[in-house]
Amino acid sequence: MVENNKTTKMFSLENYGIKDTKTHYQLSSEELHKITVEKGQGVEVSSGALAVNTGEFTGRSPKDRFIVKDEVTKDEIWWGDVNIPFDPEKFDQLYDKVTEYLSGKDIYVRDAYACADEEYQLNIRVINEYPWSNMFAHNMFLRPTEEELKDFTPEWTVVNAPGFMADPEVDGTRQHNFAILNFSKKIALIGGTGYTGEIKKGIFSALNFILPVFKDTLSMHCSANVGDDGDTAIFFGLSGTGKTTLSADPERKLIGDDEHGWTKDNKVFNFEGGCYAKVINLSKENEPDIFNAIKPGAILENVIIDDKGDVDFEDVSITQNTRVSYPIYHINNIQQPSVGENPKNIFFLTADAFGVLPPISKLTPGQAAYHFISGYTAKVAGTEAGITEPVPSFSACFGAPFMPLHPTRYAEMLSKKMQDAGVNVWLVNTGWTGGPYGVGSRMKLKYTREMISSALEGKLDKVDYVTHPIFGLEMPKVCLNVPSEVLNPRETWKDKEAYDVKANELALFFKNNFKMFEDNASEEILKGGPIV
Ligand code: ATP
Ligand code: MN
C-alpha cells in the first residue's frame, strides 16, 4: 500500500495543463538532495547539508507580488503598492504559458499542508521545476504521514517555475519575475525567481486572508515558544529583528519561527513545519541551536564554501541575506504538535539603528496597539548602495508585505485578544546602543536574551521603572545579568544632547507615519505614540 503513493500518484500533471512530464512525487529529502547534486544545482557542505544558489534573486521581490482582483477579492483586499491587483484573464493566460513551459520536463511534486492545528489545516500541492525547491517545501511545510497521503485532497496549489521568464508587455507583470496569488482558483503562481522564500511567503499571504476573513482567527508574522509551565510567548518583528534567533531558546520549546495563528478558542499554532534562518555571521557559540540544525536535510542558500566544504558565514559576497531552511525537528527542544495556549507575553522586536529605543520596555494596551500598527524597524547601510545613514522603516503589523487586508483589521483583532488574555506586551530593541549605527554598536545578543528571560520569568514585574520622556515607554531600572546603564539608552550615549535630538527625530518619523492611521485610531491608541 505504501507503493500506492508512489505509483498511482506518479500521475500525469495533465489536470494542471502540464503535459508529458517525468513527475517525481513526494521524494524524500535524501533523494532530492542527491538529485540536486547530480544535476550540478547544489553541493554538499562538510556538515552534510545541501548548499544551493537561488540565482538572480536572493530575496523576495515585493514589487512583483500581485493578487488577482476578482469577485472574491475586490472588496476585501487593501489594494496599493503592497497588494498590487492583477487581471484575472491575464492570470489565465500567464498560467497557460507557465504550464506549457513546465511541460516535457522533470517535475517535482509534493503534497504537504500548512497549519499545525488540524481544525485549520490547509492542504497544499507544490509543483516545482527544481528538486531543491521541492526539498525546501518538504522542510518548510508540514509533512503528512503515509496514511494521510492516501486520501489527500490538495486545496491550494503552488506552481513554481524559476526558469520561466515573463514578457511584461504581454503578460501584465512588471518585469520577468512574479508571484501571483489567485484566491478564486487557489493558486500561487511563481516564476522568474528561484528565491525559495517566495514559496513560503506566498502561502503565508494566502493564510493572512483566509484565517481572519473565514475562520475568525488572527494570523501573525511572529515566532513562538513555550516554557515548561505551558506559558506561550510570541515575538513579532520585521526581517532581521530576531524572531528566529530569539525563539530558539534551549530553555523553551520552539513552536515556530515565523508564521502563526491565534485562534478564536485561544490557541497559538504554527503554520509551518520548518525554520528559515538567516546565517549571516552565524556562530556556534552565539546561536548553537541554529548552527547545529545545519546537517543533512538542511538547505543553505547563497553562502560561500571553501575547498574543504566549510561554510564561511561571514562572506556576504553573494548577498547579506544568506539563509538555511530545515525541518523543525532539527531543533532539539520543540513543541509537538506546534500548538500552544494563549500567550502570556508578547514581544515586539525592533532593530532600531538610531539607538534611541530602550532595549526593553513595557507597553500599555494603547502603546501596544500604536506600535503594532506602526511596525517600526530600521534599515542600515550596507544593504543598498548610497545608504550611509540609517533609514526608518514602518511596516504595519510588523509584516505589511504579507498582509492582504487593511492593517486595522489585524490590529483590532490583536488588541481584543491581548486584552481578553491579559497579556504583557514588551518592546525590545535588538538594534543599536551607545549611539546610532556607525557610532554605537548592536545590542549584545546575550543581553537581549537575558532581558527576555527576565520578562518571561516575571522578574521584571518586581522592579522599578522609569518613563522615557519622549516615547512614554516604561523602562526597567534593573535586570539580572545586564549592566543597568544599558537599560536606559540615553545613559549609553556619550553625547546626551545628541541623543535627545535623535530621539526627537525618530519620534517625528513615527508621527508622520501614523498620520494615515489616525482617523481609525482611538484616543487611547493615539496616546500610545511619542510626544513631539
Ligand atoms: P526574517 O523575518 O527575515 O526571518 P528574523 O526576525 O527571523 O527575520 P533573525 O533571523 O532572527 O531575524 O535575524 C536576527 C539577526 O540579528 C541574526 O543574524 C542575529 O544573529 C543578529 N543579532 C545581533 N544582535 C542581536 C540581538 N541583540 N538580538 C537578536 N538578534 C541579534
Ligand atoms: Mn526568521
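**Exercise 1. Start with H221: decide whether it is buried or exposed, then work out its surroundings.**

Solution. This is a predicted model, so every value below is computed from it.

Step 1. The relative accessible area of H221 is 3%. Buried means under 20%, so H221 counts as buried.

Step 2. Now find its place in the fold. H221 sits in strand β11, which covers residues 218-226.

Step 3. Next, look at who surrounds it. Setting aside residues up to four places away in sequence, H221 touches K201, F204, F235, F236, G237, K243, D258, F398, G399, F402 and M403.

Step 4. Zoom in on one of these partners. The H221 side chain makes a polar contact with the side chain of D258, at 3.2 Å.

**Exercise 2. Say where D258 lies and which residues it touches.**

Solution.

Step 1. Look between the strands: D258 belongs to the loop that runs between β13 (253-256) and β14 (259-262).

Step 2. With a relative accessible area of 6%, D258 is buried.

Step 3. Its contacts, again without residues up to four places away in sequence, are K200, K201, M220, H221, C222, S223, K243 and E272.

**Exercise 3. Find out which residues UniProt groups with H221 as a "binding site", and how they sit in space.**

Solution.

Step 1. An unreviewed UniProt entry lists K201, H221 and D258 under "binding site". In sequence they spread over 58 residues, yet they cluster in space, with a largest C-alpha distance of 10.3 Å.

Step 2. From this set, K201 is part of the lining of the largest cavity.

Step 3. Take a closer look at K201. This residue lies in helix α7 and is buried, at 11% relative accessible area. Beyond its neighbours within four places in sequence, K201 is in contact with R60, H221, D258, E259 and F402. Both of the other listed residues, H221 and D258, appear among those contacts.

**Exercise 4. Describe the largest cavity: its volume, its lining and the elements that build it.**

Solution.

Step 1. Searching the whole structure turns up 5 cavities of 30 Å³ or more. The largest holds about 110 Å³ of space.

Step 2. Its lining is made of 13 residues, and those nearest the centre are R65, A179, E198, K201 and G202.

Step 3. Three elements supply at least two lining residues each: β9 (178-182), β10 (187-191) and α7 (197-214). The most comes from α7, with 4 residues.

Step 4. Sort the lining by class, and you get 7 nonpolar, 2 polar and 4 charged residues.

**Exercise 5. Do the same for the second largest cavity.**

Solution.

Step 1. The volume here is about 40 Å³.

Step 2. The lining consists of W78, V82, A396, C397, A400, M403, L405, H406, P407 and Y410. M403 is also one of the residues that H221 touches.

Step 3. By class, this lining has 9 nonpolar residues, 1 polar and no charged.

**Exercise 6. Work out which residues line the second largest pocket and which helix gives the most.**

Solution.

Step 1. This pocket has a volume of about 460 Å³. It is lined by 24 residues, with R252, I452, S453, L456 and E457 the closest to its centre.

Step 2. Two or more lining residues come from each of β22 (343-350) and α12 (445-456). The top contributor is α12, with 8 residues.

Step 3. The class count is 5 nonpolar, 7 polar and 12 charged.

**Exercise 7. A second "binding site" feature includes R323: place that residue and name its contacts.**

Solution.

Step 1. UniProt, in an unreviewed entry, puts this feature at R60, Y195, K201 and R323. Of these, R60 and K201 belong to the lining of the largest cavity.

Step 2. R323 is in strand β20, residues 323-327, and counts as buried at 12% relative accessibility.

Step 3. Leaving out neighbours within four places in sequence, R323 is in contact with Y195, S239, Y276, A277, K278, V279, I299, L300 and E301. Its side chain also reaches the backbone oxygen of Y276 at 3.1 Å.

**Exercise 8. Find the side chain that pairs with T244 through a polar contact.**

Solution.

Step 1. Locate T244 in helix α8 (residues 243-247). T244 counts as buried, at 15% relative accessibility.

Step 2. Its contacts outside four places in sequence are D257, Y276, A277 and I290.

Step 3. The partner is D257: a polar contact of 2.8 Å joins the two side chains.

Note on methods:
Residues numbered from 1 in each chain as written. Chains lettered and ligands numbered in written order. Predicted model: local features only at pLDDT ≥ 70, side-chain atom pairs only at ≥ 80, totals over all residues. Heavy atoms only, no water. UniProt positions renumbered as here; feature names shortened; annotations may be inferred. 1 Å grid on protein atoms, 1.4 Å probe; cavity = no way out; pocket = protein on both sides within 12 Å on 5 of 7 lines; lining within 4 Å. Buried < 20%, exposed > 50% of the residue type's maximum accessible area, 1.4 Å probe, protein only. Contact = heavy atoms within 4.5 Å. Polar contact = N/O pair within 3.5 Å; in protein donor to acceptor, adjacent residues only side chain to side chain. Points joined across faces, edges and corners; volume = space filled by probe spheres on them. Nonpolar A, V, L, I, M, F, W, Y, C, P; charged D, E, K, R; others polar.
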